[in-house]
Amino acid sequence: MKINNLPDKPAGAATGAGKPADRLPAANTQRNEAAGEAGVTVSLSATSQTISASVARAGGDVFNAQKVQAIKSAIENGTFTINSEAIADKLLSNARDMLGVAAK
């Protein structure tokens, strides 16, 4: 297969695929808008409920905006350094936790 030998039409044009809204019948779309119904029920998993409750109990933001701004500035200035050993250690620690392996 040659990389530069591309068809003139996009992949979706041949199959009639497009945006999801393009594939819906017009009558169905109009009916839902007229009824004003959401039509979808969403529920959170137990894990996400636990995380949400923990964040609510903490009473704070999920992240530190000042720290984010400091990192952003360091990246823009070219002074941001990455400690690859610390990242590798944390990745291995998380993998051990997920697998249930005791640290040596």
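This passage describes the helices of one chain, with attention to α5, α6 and a nonpolar patch on the surface.

The model is predicted, so local features are given only at a pLDDT of at least 70 and side-chain atom pairs only at pLDDT 80 or more, whereas totals for chains, interfaces and linings use all residues. Residues are numbered from 1 along each chain as its sequence is written, and side-chain values use heavy atoms, with hydrogens and water left out.

The secondary structure consists of 6 helices and 0 strands; helices (H or I, at least four residues) and strands (E, at least two) are DSSP runs, numbered from the N terminus. The accessible surface of the chain is about 9900 Å², and carbon and sulfur atoms account for 57% of this surface. Such areas come from the Shrake-Rupley method with a 1.4 Å probe, and for residues only the protein chains shown count as cover. Of the 104 residues in the chain, 1% are buried (buried means under 20% relative accessible area, exposed over 50%, and partly exposed in between, with a 1.4 Å probe and protein chains only).

Helix α5 covers residues 65–77. Its 13 residues should span 18 Å at 1.5 Å a residue, and its end C-alpha atoms are 18 Å apart, which agrees; the expected span is 1.5 Å times one less than the number of residues. At the start of α5, a side-chain oxygen of N64 comes within 3.0 Å of the backbone nitrogen of Q66. Just after the helix, G78 has a positive phi of about 80°.

Helix α6 covers residues 84–99. The expected span of its 16 residues is 22 Å, in agreement with the 22 Å between its end C-alpha atoms. N83 caps the N-terminal end of α6, with a side-chain oxygen 3.2 Å from the backbone nitrogen of E85. The helix is hardly covered, as 0 of its 16 residues are buried. G100, just after α6, takes a positive phi of about 75°.

The loop between α5 and α6 contains F80 and T81. F80 counts as partly exposed because its relative accessibility is 39%, while T81, at 66%, is exposed. T81 lies 10 residues from I71 in sequence and 9.7 Å from I71 in space, C-alpha to C-alpha.

I71, I75, F80, I82, I87 and L91 make a nonpolar surface patch of about 590 Å². Patches are made of residues with over 30% relative accessible area and no salt bridge; like charges are joined within 9 Å, and nonpolar side chains (Val, Leu, Ile, Met, Phe, Trp, Tyr) within 5 Å. A salt bridge is a side-chain nitrogen of Lys or Arg within 4 Å of a carboxyl oxygen of Asp or Glu. Both α5 and α6 supply at least two residues of the patch.

Technical notes: A polar contact is a pair of N or O atoms within 3.5 Å; within protein, one must be able to donate a hydrogen and the other to accept it, and residues adjacent in sequence count only if both atoms are side-chain atoms.
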